[in-house]
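Hi there,

Here is the structure I promised to pass on to you. Please open it beside this email, and then read on for what turned up in it.

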Amino acid sequence: MDKIKVVCYRFNKNKDPKEYYQVYEIPYHDGMSLLEILIYISENIDPALAYPKHSLCKQGICGECTLKMNDKPVLPCIESPKDPIIIVEPLRKDKVVRDLVIPR
């Protein structure tokens, strides 16, 4: 895959009480982790995207960064997408602080 389509859950109760999904198309290389994808989006396309940035381990140990990718819980710091289109959501939509962030 040269590119990947990332469909991200978005919600910011301070701006708009409605949830929605936003699509990003980004360059992709084999082995790129979901966390690297979110960082790319944040740094190059949409700095307003909120995602779990507080993970210290970046080795799949602490679980602080857990999200859902294609409806399955994953650790984005170590999980690499296998599909050309992925849907990224918070672990629990009922607890969303903003976008992909839930309270820890």
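**What was found**

Val7 stands opposite Ile87, a residue of β5. That is one small detail of a predicted model, and the rest of this email builds the picture around it.

**The chain as a whole**

The protein chain holds 1 helix and 5 strands. Reading from the N terminus, you will meet them in the order β-β-α-β-β-β. The radius of gyration is 13 Å, close to the 13 Å that the globule rule gives for 104 residues, so the chain is as compact as a globular protein of that length. If you like to think in boxes, the C-alpha atoms fill one of roughly 35 × 30 × 25 Å along the principal axes.

Some totals may help you as you turn the model around. Of the 104 residues, 42% are buried. The accessible surface comes to about 6100 Å², and carbon and sulfur atoms account for 51% of it. Among contacts with a separation of 6 or more, 47% are between residues 24 or more positions apart.

**The sheet**

In what order do the strands of the sheet lie? The order is β2-β1-β5-β3-β4, in an open sheet of 5 strands with mixed pairing. The strands β2 (16-27) and β4 (72-74) stand at the edges; each has a single partner strand, so one side of each is left without a neighbour in the sheet. On average, neighbouring strands are turned by 30° against each other, direction ignored.

Now try following β1, residues 3-12, through its pairings. With β2, β1 pairs in the antiparallel sense over 9 bridges, and the two form a hairpin with 3 residues between them. Along this pairing, Ile4 stands opposite Ile26 in β2.

With β5 (residues 85-89), β1 pairs in the parallel sense over 4 bridges. Here the bridge partner of Val6 is Ile86 in β5, and this is also where the opening detail belongs, with Val7 opposite Ile87 in β5. Is β1 mostly covered or mostly exposed? It is mostly covered, as 8 of the 10 residues in β1 are buried.

Strand β5 also pairs with β3: the two run antiparallel and are joined by 2 bridges. Look there for Lys68, which stands opposite Glu89 in β5.

**The helix**

Which strands does helix α1 touch? Helix α1 (residues 34-44) packs on the sheet and touches β1, β2, β3 (67-69), β4 and β5. The direction of α1 makes about 100° with that of β2.

**Two residues to click on**

Asp46 and Lys15 make a nice pair to look up, since each lies in a loop.

Begin with Asp46, in the loop between α1 and β3. Buried or exposed? Asp46 has a relative accessible area of 12%, and it counts as buried because that value is under 20%. The side chain of Asp46 makes a polar contact with the side chain of Arg10, at 2.6 Å. Leaving aside residues up to four places away in sequence, Asp46 touches Arg10, Gln22, Tyr24 and Ile41.

Then move to Lys15, in the loop between β1 and β2. With a relative accessible area of 70%, Lys15 is exposed, because that value is over 50%. How far is Lys15 from Arg104? Their C-alpha atoms are separated by 22 Å, and along the chain the two residues are 89 residues apart.

Happy exploring, and do write back with any questions!

Best wishes

Methods: Residues numbered from 1 in each chain as written. Predicted model: local features only at pLDDT ≥ 70, side-chain atom pairs only at ≥ 80, totals over all residues. Heavy atoms only, no water. Pairing = 2+ DSSP bridges. Axes fitted to C-alpha atoms, helices over the stretch in contact; angles between N-to-C directions. Contact = heavy atoms within 4.5 Å. Rg over C-alpha atoms; globule rule 2.2 N^0.38 Å. Buried < 20%, exposed > 50% of the residue type's maximum accessible area, 1.4 Å probe, protein only. Areas by Shrake-Rupley, 256 points an atom, 1.4 Å probe, with all protein chains shown as cover. Polar contact = N/O pair within 3.5 Å; in protein donor to acceptor, adjacent residues only side chain to side chain.
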